[in-house]
Amino acid sequence: MPRPRALSVPTGDDSEFDVVVVGAGITGAGVARDAALRGLRVCLVEQHDLGSGTTWGSSGMIHGGLRYIEYDWETTRVSCLDGGYIKRIAPHLLFPVVFLLPIYPDDPFGIEKKETALEVYDRFQPYKAGRPHVRLDAEEARRLEPGLRPGLVGAVTMDEWGVDSARLVALNAIGAREAGAEVRTYTEVTGVIREGRNVRGVRVRSRLSGAEETIRAKVVCNAAGPWAPRLCEMAGASLRLRPAKGVHLIYDRRISNCALGVEAVDGRDLLLVPHANQTILGTTDDDFYGDPEHLEVTEDEVEYILQAFERVLPSIRQHRIAHANAAIRPTLFGWRRYEDDLSREYEVFDHGARDGVPGLVSIAGGKMSMFRKMAEDTVDVVLRVLGRAYVPCTTHTTPLPGGEGVVDVTEVAGNFGLPLPVAQRLVARHGARAEALLGDAEPEDRRAVLCECEPVTRAELRHVVRSESVERLEDLYRRVRCTGGACLGMRCAWPAARLLGEERGWTARQVAGEVRDFLDARWLQRPSVVRGATAAQEQLYRGAVYALGEVADPPPAGAGEPAPLPGAAALAESRLLTAEH
Ligand SMILES: Cc1cc2nc3c(=O)[nH]c(=O)nc-3n(C[C@H](O)[C@H](O)[C@H](O)COP(=O)(O)OP(=O)(O)OC[C@H]3O[C@@H](n4cnc5c(N)ncnc54)[C@H](O)[C@@H]3O)c2cc1C
């Protein structure tokens with residue numbers, strides 16, 4: 001249950017912004033930063049946590065998209081170009097992902113045609129500092145990826161960039177705030193205010209405290225992703241999308257050396273991506289008519305993905321799936337095309353000209369890989385609607401927070417006595433600001449690893465809780481990957497919640513409530529990927545983790561850090577979670 005808590009940055013009803021940006025996915029966070037850097041007074045509002053919508057469910061790739069070349073050339077070109085800029089402004093956040101596209105004798109294209117497509121894609125690689133493809137024979141491919149099914153003709157490689165998508169959103173939001181914007185999470189827009197025909201702001205409700213208020217602004221920028229049509233309706237305007245559901249399976253570790261591209265039973269391309277400490281498999285792409293807030297993953301969707309990968313990586317079912325997630329692509333409307341063939345182009349809508357609703361601007365469609373360019377085009381329109389003189393965009397050269405320079409990880413590890421993997425993960429998230437974070441931390445927090453899977457220190461957790469709009473335990477997964485590892489949060493949920501509670505002044509009952517909500521939400525992501533005895537064992541284990549934690553720190557509050565109960569650690573260490581897939 002959400003706890004009553006004051007909004008992070010109070011704004012009186014009289015405040016007036018130039019633009020209120022609705023939705024802090026990658027699109028809205030990018031728009032807010034761009035607008036603030038161009039001198040506008042900006043308020044960014046998000047109904048949940050930063051980046052918790054579609055962006056959280058993306059494949060985490062900054063890529064041109066090889067398959068778009070066929071029917072969506074401009075999307076490939078813009079994505080590659082923008083990917084190069086994103087690499088330049090956030091060098092610490094992007095990591096290379098080398099794809100292996102294995103070819104078997106029954107491949108409909110064969111290695112020659114596949115290589116020809118790659119030769120075309122090679123023309124875009126320089127935009128994003130990628131290397132040209134390499135053609136491998138079967139033996140070379142199997143040496144790189146020994147788990148591949150025998151019988152290969154060969155393979156071709158393809159360079160792409162991976163990114164922690166939630167972190168990319170957080171850095172844009174922090175960058176926006178540093179440029180003067182106000183950023184509010186757990187703040188839902190419930191209505192659009194109009195005076196005459198003109199849009200004059202939004203009504204909001206805190207999802208933490210229930211408090212309602214008005215945010216006045218000259219322009220409302222609708223960056224609500226799959227929720228964008230709903231926001232338009234609130235203002236009396238219209239916007240039509242063709243939303244599509246995409247499902248991923250997330251493994252709690254890396255299960256291959258390279259990323260793989262495979263074909264599904266219906267001929268669609270699926271990807272396996274070793275992504276930081278995890279592996280991501282996906283994705284489906286199906287028309288979606290429901291509520292983007294309530295998404296479920298079905299066993300059929302899981303089976304569709306596993307079936308495709310099993311043909312190429314026969315051991316796939318032996319690995320343990322940590323969870324499955326679903327997200328809705330806010331694709332522009334199109335008729336007479338399969339979901340997969342829909343353009344990933346984007347459009348900025350000035351609803352003044354389009355629907356007679358002056359002051360409402362929407363941005364829809366696109367991809368994360370070109371969010372910067374989408375934001376640039378949107379802010380150009382916002383400036384026009386405001387009647388302001390053109391101010392050039394600088395987001396292609398202004399570093400995102402932490403992107404100000406390149407850091408020597410070994411030096412950071414040495415200076416602060418950190419194990420190298422801890423320093424590596426810290427620098428990957430905070431870049432040039434990692435040393436300042438450690439310098440500002442309490443000495444006892446610097447090396448205290450709280451989440452062992454990722455790994456994350458207490459120093460980093462305190463830093464993000466204090467400065468990156470973290471309100472709930474689940475936000476820590478998005479912000480720094482805490483609770484996202486092999487233990488699925490079973491070992492770190494309690495200590496992380498206690499640290500969050502310490503910072504927020506929560507009672508022990510509030511801490512326990514947070515852990516319970518977290519464990520319940522995690523469990524809801526499991527049924528489609530665990531079955532039978534494993535599911536029962538996990539249920540039991542979840543209950544035990546919750547109960548032992550609560551017994552160790554019972555309400556009412558007042559006690560310090562509780563001593564672990566005898567037997568609790570042994571239970572937490574036990575191997576009850578066995579793989580069935
Ligand atoms: C399965 C899948 C995989 C993908 N993989 C990739 C990839 O690898 N690379 C790539 O470039 N692109 C990828 N995409 C596309 C990319 O993820 C999306 O284009 C992008 O994340 C959309 O971001 P957004 O900010 O527009 O939407 P969202 O991330 O959904 O953000 C919209 C936000 O608005 C908020 N909101 C809605 N209504 C309100 C309201 N009333 N008040 C306040 N807030 C509100 C929501 O909570 C949400 O956080 C993928 C998409 C899917 C579905």
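This is a short talk on one protein model and the ligand it holds.

Hi everyone, thanks for coming. One thing up front: the model is predicted, so please keep that in mind as we go round it.

Let's start with the ligand. How many residues surround the ligand? There are 34, and the closest are Thr27, Glu46, Thr55, Met61 and Ser369. If you sort that shell by class, you get 19 polar residues, 11 nonpolar ones and 4 charged ones. Where do they come from? Helix H1, residues 26–37, gives at least two of them, and so do strands S8 (187–195), S11 (244–251) and S16 (321–329). Strand S8 has the largest share, with 3 residues.

For those of you who like to set up docking poses, here are some backbone contacts. An oxygen atom of the ligand lies 2.9 Å from a backbone N or O atom of Thr54. A polar backbone atom of Met368 is 3.1 Å from a ligand oxygen, and for a backbone N or O atom of Gly366 the distance to a ligand oxygen is 3.4 Å. And how much of the ligand does the protein bury? On its own the ligand exposes 1000 Å², and 97% of that is buried by the protein.

Next, the aromatic rings. Searching the whole structure gives 6 aromatic pairs. One of them is Phe333 with Trp335: the ring centres are 6.3 Å apart and the planes meet at 40 degrees, which falls between 30 and 60, so the pair counts as tilted. Is Trp335 buried or exposed? Trp335 is exposed, at 65% relative accessibility, while Phe333 is partly exposed, at 32%. Elsewhere, ring pairs tie Trp73, Tyr121, Phe124 and Tyr127 together into a cluster.

Two arginines also sit over rings. The charged end of Arg149 is over the ring of Tyr104, 4.0 Å from the ring centre. Arg478 does this with Trp56, where its charged end is 5.5 Å from the centre of the ring.

Now for a tour of the backbone, which may interest anyone checking geometry before a simulation. A bit of background: most peptide bonds are trans, and most residues other than glycine have a negative phi. Which peptide bonds are cis here? One runs from Gly282 to Thr283, with omega near 5 degrees. Thr283 belongs to the loop between strand S14 (278–282) and strand S15 (286–287). Another cis bond goes from Glu454 to Pro455, with omega near -10 degrees, and Pro455 is in the loop that connects strand S19 (449–451) to strand S20 (456–457).

Then the positive phi values. Ala276 is not a glycine, yet its phi is positive, at about 50 degrees. You can find Ala276 in the loop between strand S13 (269–275) and S14. Ser469 is another non-glycine with a positive phi, near 55 degrees. Ser469 is in the loop from helix H15 (458–467) to helix H16 (473–480), and at 14% relative accessibility it is buried, because the cut-off for that is under 20%.

While we are on helices, have a look at H12, residues 420–430. Its buried residues are Val422, Ala423, Arg425, Leu426, Val427, Arg429 and His430. As general background, an α-helix has 3.6 residues a turn, so residues three or four places apart point the same way. Right after H12 comes Gly431, with a positive phi near 50 degrees.

Let me finish with two loop residues. Thr331 sits in the loop between S16 and strand S17 (346–350), and it is buried, with a relative accessible area of 4%. Along the chain, Thr331 and Tyr346 are 15 residues apart, and in space their C-alpha atoms are separated by 8.1 Å.

The other one is His133, in the loop between helix H4 (110–122) and strand S5 (135–137). His133 is buried too, at 13% relative accessibility. Which side chains does the His133 side chain contact? One is Glu115, through a polar contact of 2.8 Å, and another is Asp122, at 2.7 Å.

That's my tour. I'm happy to take questions, and we can turn the model round together while we talk.

Terms used. Residues are numbered from 1 along each chain as its sequence is written. This is a predicted model: local features need pLDDT of at least 70, side-chain atom pairs count only at pLDDT 80 or more; totals for chains, interfaces and linings use all residues. Side-chain values use heavy atoms; hydrogens and water are left out. A residue is near a molecule or strand if one of its heavy atoms lies within 4 Å of it. A polar contact is a pair of N or O atoms within 3.5 Å; within protein, one must be able to donate a hydrogen and the other to accept it, and residues adjacent in sequence count only if both atoms are side-chain atoms. Accessible areas come from the Shrake-Rupley method with a 1.4 Å probe; for residues, only the protein chains shown count as cover. Helices (H or I, at least four residues) and strands (E, at least two) are DSSP runs, numbered from the N terminus. Ala, Val, Leu, Ile, Met, Phe, Trp, Tyr, Cys and Pro count as nonpolar, Asp, Glu, Lys and Arg as charged, and the others, Gly among them, as polar. Rings of Phe, Tyr and Trp (its six-membered ring) pair if their centres lie within 6.5 Å; planes under 30 degrees apart count as stacked, over 60 as edge-to-face and the rest as tilted. Buried means under 20% relative accessible area, exposed over 50%, partly exposed in between (1.4 Å probe, protein chains only). A charge sits over a ring if NZ of Lys or CZ of Arg is within 6 Å of the ring centre and within 35 degrees of the ring normal.
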